[in-house]
Amino acid sequence: MAKNYGDVYHIEDWGEPYFAVNKDGHLCVRIYGRDTLPEQEIDVLSVIEKATSTDEKRKKLQFPMILRFPDVLRHRIDSLHAAFSNAIKSYQYGSVYQGVFPVKVNQNKAVVQDMVHFGYDHNYGLEAGSKPELLIAMSCLTKAKPGAYLICNGYKDSSYVALALAARAMGLNAIIVLEMEEELDIVIEQSSKLGVEPVIGVRAKLLTKIQGHFGSTGGKHGKFRLLAKKIYEVAKKLKALNKLHWLKLLHFHVGCMIPTTDNVFDAASEASNIYCTLVKECGAEMMTTLDCGGGLGVDYDETRSSTPMSVAYGLEEYASKVVQAVQDRCDYHGVPHPVLCTESGRAMASHHSMIILEALSATPEPKDDDDEATTEQLHERIRDLSSKLQSFKAETAAHMCMPSHAVHVKKHGIEC
Ligand SMILES: Cc1ncc(COP(=O)(O)O)c(C=O)c1O
């Protein structure tokens, strides 16, 4: 019987819903996940054969090569938005979801452009974590729906802030997220110099800790971000300057591959409490958005566990926990529900590409001839194994009786 390689390599487990083995035994990509029709499946072997064959119009490609499946990106973006809109509907949450793709996760021009293109109807934006990323994001977002977020994270000097203000002057919805208190002075200075009013956010340093890959940078001792107390001081300073209306967003990022939905819930609850304090107690009534950062995990091995290669939830459970946590805290404090933003990176991009390496050698599959052995041959093998076992036991017993130094010298060929 022909071997099912989907079973051998457990592709049906970890590949779901994008990767499978087709009837020819070849790896195939289901670009629309479970909604993919059989004729829409892409046979990976035939793509590689085509790419490595010579064609008059095109140069033969070499290994290693990266195959990208942009339709998978589209499917990921649509699935994330569907998950949030279902959760928002079912909990009757009073606002919307408006996410961004963090450019740092995949800076490939085609990927960032695809993200903006496929996310157009969802108002999907971009997050930049450095000046070069901000330039990439500015160029790509000119094709986004007006109002899509351009979240400006990362270390900021005057030229970064000036660039972010230029983005706002261009009509992009750039939000400068303060990671350190000193950045506020740079924003104030650059804003008055350029005559552009900024929209700002603050990045919270939460006490909620996770164990994921970057969990150790979360919690109280993380390098960037502001503890709640410092955030309230920033609000106080803005109020004194009559600029509190600049403050519109609260951001946090507790780490990548958040292992469980309990962690998602705890982090979103803690951040929502800070958001509500800003609105209710610090008077930041123009606040609109809670940006929950990245961390939406990928269950690489499909074990639904909290091991490093897995997370114990999917898109729906993640969205539902964020919505529940924020709604619960805002209702408790009597604060209007904010727009929910996430900066989900790997969960959007990682399924859509694969790296193909050349096979340098192949080991022939071991032939299992047990099926053809006669009963007499099998009995013979058992007798052989059992006599080997007897002599092994006798030898071990002899060693056990020997003093340890005798065993040691025997190894050198000396009998005691
Ligand atoms: C601020 C910020 N946002 C988003 C992300 C993306 O995280 P993920 O790929 O886990 O969703 C990162 C990753 O390091 C990050 O630092």
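**Exercise 1. State how far apart the C-alpha centres of domain 2 and domain 3 lie, and give the bounds of the domains.**

Solution. The C-alpha centres of domain 2 and domain 3 are 66 Å apart. Domain 1 covers 5-62, domain 2 covers 69-353 and domain 3 covers 378-411. These bounds come from an automatic or database domain assignment.

The model is a predicted one, in which local features need pLDDT of at least 70 and side-chain atom pairs count only at pLDDT 80 or more, while totals for chains, interfaces and linings use all residues. Residue numbers start from 1 along each chain as its sequence is written.

**Exercise 2. Describe how helix H7 packs against helix H8.**

Solution. Step one is to locate the helices: H7 is residues 158-169 and H8 is residues 182-194. Helices (H or I, at least four residues) and strands (E, at least two) are DSSP runs, numbered from the N terminus.

Step two is the geometry. The angle between H7 and H8 is about 50°, and their axes are 9 Å apart. H7 is therefore oblique to H8. Axes are lines fitted to C-alpha atoms, for helices over the stretch in contact, and angles run from 0 to 180 degrees between N-to-C directions. Under 35 degrees counts as roughly parallel, over 145 as roughly antiparallel, 65 to 115 as roughly perpendicular, and the rest as oblique. H7 and H8 cross in a right-handed sense; a crossing is right-handed if the near helix is turned clockwise from the far one by less than a right angle, and left-handed if anticlockwise.

Step three is the contact. H7 contributes Ser158, Val161, Ala162 and Leu165, and H8 contributes Ile186, Val187, Gln190, Ser191 and Leu194. Two residues are in contact if their C-beta atoms, placed from the backbone, lie within 7 Å. By class, this contact of H7 with H8 holds 6 nonpolar, 3 polar and no charged residues. Ala, Val, Leu, Ile, Met, Phe, Trp, Tyr, Cys and Pro count as nonpolar, Asp, Glu, Lys and Arg as charged, and the others, Gly among them, as polar.

**Exercise 3. Work out how H6 is placed against H7.**

Solution. H6 spans residues 131-141, and its axis is 10 Å from that of H7, at an angle of about 10°. H6 and H7 are therefore roughly parallel to each other. Lys131, Leu134 and Met138 of H6 make the contact with Ser159, Tyr160, Leu163, Ala164 and Ala167 of H7. The classes in the contact of H6 with H7 are 6 nonpolar, 1 polar and 1 charged.

**Exercise 4. Do the same for H4 and H5.**

Solution. The axes of H4 (residues 70-91) and H5 (residues 109-118) come within 10 Å and cross at roughly 45°. H4 and H5 are therefore oblique to each other, and the crossing of H4 past H5 is right-handed. Pro70, Leu73, Arg74 and Ile77 in H4 meet Asp114, Met115 and Phe118 in H5. The contact of H4 with H5 has 5 nonpolar, no polar and 2 charged residues.

**Exercise 5. Find the cis peptide bond from Glu16 to Pro17, and the positive phi of Asn242.**

Solution. Most residues other than glycine have a negative phi, and most peptide bonds are trans. The bond from Glu16 to Pro17 is cis, with omega near -5°. Pro17 lies in the loop between H2 (11-14) and S1 (19-21). Asn242, which is not a glycine, has a positive phi of about 65°. Asn242 sits in the loop between H9 (228-240) and S10 (247-251).
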